[in-house]
Amino acid sequence: MSEAGSTRPVSVVGVSGSPTKPSRTTALVTEVAEAFASRLGGHATVIELGPLLGDLGAGPFRGNLGSDAVRALEAVEAADVIVVGSPAYRATYTGLFKLFFDHVGQYALVDKPIVLTATGGSDRHALLVEHQMRPLFGFFQALTLPLGIFANESDFEDYRVTSADLRSRIDVAVSRTATLLSPGARAFEFARPDAF
């Protein structure tokens, strides 16, 4: 988060793990990231992973990756708040989503607020948020916010969020967690993340 007394706006970075464009997942991540940025007086940026596949697959180590992928990783690591999203694929997030986060620094997200979102063909995929995404960010010791946001195909029209119910759920997630994300709101920092 911004340091106390800093005038730097809060940076909200969205990451869409969809391999396709247009994408309902990207639409959801964008909507949620912009809602948080608006509430926090910050700015939102959304990273689409689909176009980065070649860069991300260039080698097994971060030093092998293309420059666009490295810039995306650095943006995520420097963000104040991260909104992540993936379509449900074979009962979990996409391989592209996992490949990207495989290259994020192990301690780069410690205590970082993470907003979890996902999309799927039906509500049967909604547990993706709790059973797949939350444990992944638990590994990073990130602060996953309590309310995840899942959307199904009926919440979109022409790859745009059109559901009043989904917008209401986004509003609830923002209003109930924005106070936790205000500058100076965090009660603690991990002094030695490598000790865990």
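**Group meeting: one helix residue, one loop residue, one pocket**

Let me start with Thr177, which sits in helix α6, the element that covers residues 164–181. Before I go on, note that this is a predicted model.

Is Thr177 buried or exposed? Its relative accessibility is 3%, so Thr177 counts as buried, the cut-off for that class being under 20%. What does its side chain have for polar company? A polar atom of the Thr177 side chain lies 2.5 Å from the backbone oxygen of Ala173. Setting aside neighbours within four places in sequence, Thr177 is in contact with Phe36, Leu145 and Pro146. Of these partners, Phe36 has a number that falls within α1, which spans 24–40.

Now the whole chain. The protein has 6 helices and 8 strands. Read from the N terminus, the order is β-α-β-α-α-β-α-β-α-β-β-β-β-α. There are 196 residues, and buried ones make up 46% of them. On contacts: take the pairs at least 6 apart in sequence, and 77% of those contacts join residues at least 24 apart. The exposed area comes to about 9,500 Å², with carbon and sulfur atoms supplying 52% of it.

Next, a loop residue. Gly50 is in the loop that runs between β2 (43–48) and α2 (53–56). With a relative accessibility of 22%, Gly50 counts as partly exposed. The cut-off matters here, because buried means under 20%, and Gly50 is at 22%. Which residues does Gly50 touch, beyond its neighbours within four places in sequence? They are Ser18, Pro19 and Leu96. For Pro19 there is also a distance: Gly50 and Pro19 are 31 residues apart in sequence, yet their C-alpha atoms are 4.2 Å apart.

Last item, the pocket. The largest pocket has a volume of about 240 Å³. Its lining has 18 residues, and the closest to the centre are Ser18, Arg24, Thr25, Pro87 and Thr119. Which elements give two or more residues to that lining? They are helix α1, residues 24–40, and strand β4, residues 113–120. By class, the lining holds 7 nonpolar, 9 polar and 2 charged residues.

One link back to the loop: Ser18, among the residues closest to the pocket centre, is also a contact of Gly50. And one link back to the start: α1, which contributes to the lining, has the number range that takes in Phe36, a contact of Thr177.

That is what I have on this model.

Definitions and conventions: Residues are numbered from 1 along each chain as its sequence is written. This is a predicted model: local features need pLDDT of at least 70, side-chain atom pairs count only at pLDDT 80 or more; totals for chains, interfaces and linings use all residues. Side-chain values use heavy atoms; hydrogens and water are left out. Helices (H or I, at least four residues) and strands (E, at least two) are DSSP runs, numbered from the N terminus. Buried means under 20% relative accessible area, exposed over 50%, partly exposed in between (1.4 Å probe, protein chains only). Contact means heavy atoms within 4.5 Å. Accessible areas come from the Shrake-Rupley method with a 1.4 Å probe; for residues, only the protein chains shown count as cover. On a 1 Å grid over the protein atoms alone, a cavity is a set of points where a 1.4 Å probe fits but cannot get out, and a pocket is an open set with protein on both sides within 12 Å along at least five of seven lines; lining residues have an atom within 4 Å of a point. Grid points are joined across faces, edges and corners, and a volume is the space filled by probe spheres set on the points. Ala, Val, Leu, Ile, Met, Phe, Trp, Tyr, Cys and Pro count as nonpolar, Asp, Glu, Lys and Arg as charged, and the others, Gly among them, as polar. A polar contact is a pair of N or O atoms within 3.5 Å; within protein, one must be able to donate a hydrogen and the other to accept it, and residues adjacent in sequence count only if both atoms are side-chain atoms.
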